[in-house]
Amino acid sequence: MEHISEEKQELNFDKKAYSDDILISLYFRMLKPRLIEEKMLVLLRQGKISKWFSGIGQEAISVGITAVLDDDEYVLPMHRNLGVFTTRDIPLSRLFSQWQGKSNGFTNGRDRSFHFGTQEYNIVGMISHLGPQMGIACGIALGNLLKKNNKVTAVFTGEGGTSEGDFHEALNIASIWNLPVLFCIENNGYGLSTPTSEQYNCKNLADRGAGYGMESYVIDGNNVLEVYHKVNELAKSMKQNPRPVLLEFKTFRMRGHEEASGTKYVPQELMEYWSAKDPIENYKEYLVNQRIISLEEELEKRSEIKKEIETHWDLANNEEKVNIDLDKELNAVYAEFDYIEKRPNTKTTELRLVDAISDGLKVSMQQYNDLVIMGQDIAEYGGVFKITEGFVEMFGKDRIRNTPICESAIVSAAYGLSVNQHKAVVEMQFADFVSSGFNPIVNLLAKSNYRWNQSSDVVIRMPCGAGVGAGPFHSQTNEAWFTKTPGLKVVYPAFPVDAKGLLVTAIEDPNPVLFFEHKALYRSIRQEVPEGYYNLPLGKASLLKTGEDITIISYGAAVHWALEILEKHLSIKADLIDLRTLQPLDIETIYKSVKKTGKAIILQEDTLFGGIASDISALLMENCFQFLDAPVKRVASIQTPIPFDTNLENQYLSKNRFEEELLALLAY
């Protein structure tokens, strides 16, 4: 930590040309969250709220920044930014209900404290993983640039969060795209109990801005006039000249990371030093000394705020707890989507799978002017599989955007675009690389609608699969990572017609969709595909063949493996089900077929344990047991990573064991 002076630290306030009304407003905007916090600390000890993350001593930052921004400009706060919410004039009863998990809050009891957002007040709340917040701000700011609305976005993080990869990814994206984002670091001395000396090895975190070609400033975070003036100056400039700015606010956390943590790890002299720099007491003294406000006026307004707090607390405290409603909970996982069939054109063209996907993107880009495609090398180069070749000429670089190699922040930015009323498609160069963006997919996109009724209008394209000798890092078919996660939809077509129609629907759907595209099928499978715009429903399997002997259930490349075996054994009369979508899953078609045939075999390219075949097998055992004439059989690849050598890959794949297992089950 910095050297501590033995003298009382004075804050030097400079009112510049600001009116007394603004100066007084800033004071009471700081006082309000302070008084709320003091009330909450009492209630916490009484057991009336469950947890509290205190921002006492940091009010000048939240208030100073939010007071500058227009009400329709997005702010992305963290735990210690109560002043953001109160400065946006959110009714206190709603905040109090939120903290008690009641329905008048913003998450209907599904999330706690400040883990919420609200479009009504243009606030996007945090998730506990911290880092994705920065990428969301990039997406919102990109949406503003595309709208040409001259808006600025402010996003908060602590000094601890600056160690996360998402922070660096987001700064890089914002810099190369000239996004009007205020990146606000509240450097409050400790990440839980870890001091800054153990978190980073530079004098100022603002110095990192230079590495990203970004201007940056160090600001006294306890001086509300300094905060307000600098942010005001920058916001006006950024609207005229869009660009990101990194701000480091020096402040201190006067209480524990959360109240249970305490502050025993903080040296007493450090607490005393920062206590002398209290942003509210020092500013009050300044206003009184400058005769801008009197002590009587301050006491009167303080009393009004306290009364408001008590009144709203009573409202929230007397509110009933959230009613348990199973259907309501289940229906909140996904945003409502009314599928409206768009019938295909009778005119067709023979297309490969890769061309059908490209065509689906193209007609969707024409349909939705607010659709943006992002990914590595997708612009002039056209993507590594050339799916977006020529798109820059058709739609421009604003909507066809090359990205740095930073999957996590790009997924978060796609979510930010959705928050700002855009659609987004993200191309993972290979499905394997999605692991670098896993967190925002499963913790941000998937949970968003359930948490605060904000849809994630994002499609993530996933070139996947073996059979092309690409080895362990370019050949995975990792759909099971996502079928497990409530809130995500998973699509996996095997034919060009399906690929185009399902991709169109995935883009129409306001929910997050993982769209798997098997690389080995890209240029090996052809089909007559309808021209123009059409869609196909998610959650509806395709019955490719019918028969009484057995039900074969599969998806992706494995569908074609099954077709090959059935062509070889023409005497086998099977129902062959191509699932097409894995979430939602068409269990009705599966059950109907198995009840008819009495035998079921599930073929997947993925490894066995924890895969989609395991769940389907369990569903059949639970719901169709009395109709089965044999055990349900799963056929999958061996339990190893995918090897590079052709012979080893052939041994790995389930393709080479399917025929034997099928014949054995038929003979059971």
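# Exercises on rings, charges and empty space

Tyr18 is buried, and so is Tyr228. Keep in mind that you're working with a predicted model.

## Exercise 1: Two ring pairs

Work out how the rings of Tyr18 and Tyr228 sit relative to each other, then do the job again for Phe252 and Trp274.

**Step 1.** Start with the numbers you need. A pair of aromatic rings is described by the distance of the centres and the angle of the planes.

**Step 2.** Take the tyrosines. Their ring centres are 5.1 Å apart and the planes make an angle of 75°. Planes over 60 degrees apart count as edge-to-face, so that's the label for Tyr18 and Tyr228.

**Step 3.** Now place them in the chain. Tyr18 belongs to the segment before H1 and Tyr228 to helix H7, so this pair ties together parts that are 210 residues apart in sequence.

**Step 4.** On to Phe252 and Trp274. Their centres lie 5.7 Å apart with the planes at 10°, so this pair is stacked. Phe252 sits in the loop between S7 and helix H8 (268-275), while Trp274 is in helix H8 itself, so the parts being tied together are 22 residues apart in sequence.

**Step 5.** Check burial. Phe252 has a relative accessible area of 1% and is buried; Trp274, at 4%, is buried as well.

**Step 6.** Zoom out. The count for the structure comes to 23 aromatic pairs. One aromatic cluster is formed by Phe85, Phe96, Trp99, Phe106, Phe114, Phe116 and Trp313.

## Exercise 2: Three salt bridges

Find where the partners sit in the salt bridges Glu215 with Arg243, Lys230 with Glu233, and Glu427 with Arg461.

**Step 1.** Recall the idea. Side chains of opposite charge can pair when their charged atoms come close. A search of the whole structure turns up 38 salt bridges.

**Step 2.** Glu215 and Arg243 meet at 2.4 Å, N to O. Glu215 is in strand S6 (residues 215-220) and Arg243 is in the loop between helix H7 (224-240) and strand S7 (245-250), so the bridge ties together parts 28 residues apart in sequence. Buried means under 20% relative accessible area: Arg243, at 14%, counts as buried, whereas Glu215, at 26%, is partly exposed.

**Step 3.** For Lys230 and Glu233, the closest N and O atoms are 3.0 Å apart. Both residues lie in helix H7, three residues apart, which is about one turn of the helix. Glu233 is partly exposed, with a relative accessible area of 39%.

**Step 4.** Glu427 and Arg461 come to 2.8 Å, N to O. Glu427 lies in strand S11 and Arg461 in strand S12 (residues 458-464), so here the tied parts are 34 residues apart in sequence. Glu427 is buried at 5% relative accessible area, and Arg461 counts as buried at 0%.

**Step 5.** Salt bridges can also link up into a network, as they do for Asp70, Asp72, Glu73, Lys151 and Lys239.

## Exercise 3: Mapping the empty space

Describe the largest pocket and the two cavities ranked largest and second largest.

**Step 1.** Here's the trick behind the search. Rolling a probe the size of a water molecule over the atoms shows where empty space is left.

**Step 2.** The largest pocket holds about 390 Å³ of space. It has 22 lining residues, and the closest to its centre are Met78, Arg80, Leu130, Gly158 and His257. Strand S2 (153-158) and strand S4 (190-191) are the elements that give two or more residues to this lining. Sorted by class, the pocket lining has six nonpolar, 12 polar and four charged residues.

**Step 3.** Next, the cavities: the structure has three of 30 Å³ or more. The largest has a volume of about 60 Å³. Its lining includes Gly375, Thr403, Ile410 and Glu427. You've already met that glutamate, in its salt bridge with Arg461. Helix H14 (407-419) and strand S11 (423-427) each give two or more residues to the lining of the largest cavity. By class, that lining has five nonpolar, four polar and two charged residues.

**Step 4.** The second largest cavity comes to about 50 Å³. Ser50, Lys51, Trp52, Trp99, Arg112 and Ser113 line it; by class that's two nonpolar, two polar and two charged residues. Trp99 should ring a bell too, as a member of the aromatic cluster.

Conventions: Residues are numbered from 1 along each chain as its sequence is written. This is a predicted model: local features need pLDDT of at least 70, side-chain atom pairs count only at pLDDT 80 or more; totals for chains, interfaces and linings use all residues. Side-chain values use heavy atoms; hydrogens and water are left out. On a 1 Å grid over the protein atoms alone, a cavity is a set of points where a 1.4 Å probe fits but cannot get out, and a pocket is an open set with protein on both sides within 12 Å along at least five of seven lines; lining residues have an atom within 4 Å of a point. Grid points are joined across faces, edges and corners, and a volume is the space filled by probe spheres set on the points. Helices (H or I, at least four residues) and strands (E, at least two) are DSSP runs, numbered from the N terminus. Ala, Val, Leu, Ile, Met, Phe, Trp, Tyr, Cys and Pro count as nonpolar, Asp, Glu, Lys and Arg as charged, and the others, Gly among them, as polar. A salt bridge is a side-chain nitrogen of Lys or Arg within 4 Å of a carboxyl oxygen of Asp or Glu. Buried means under 20% relative accessible area, exposed over 50%, partly exposed in between (1.4 Å probe, protein chains only). Rings of Phe, Tyr and Trp (its six-membered ring) pair if their centres lie within 6.5 Å; planes under 30 degrees apart count as stacked, over 60 as edge-to-face and the rest as tilted.
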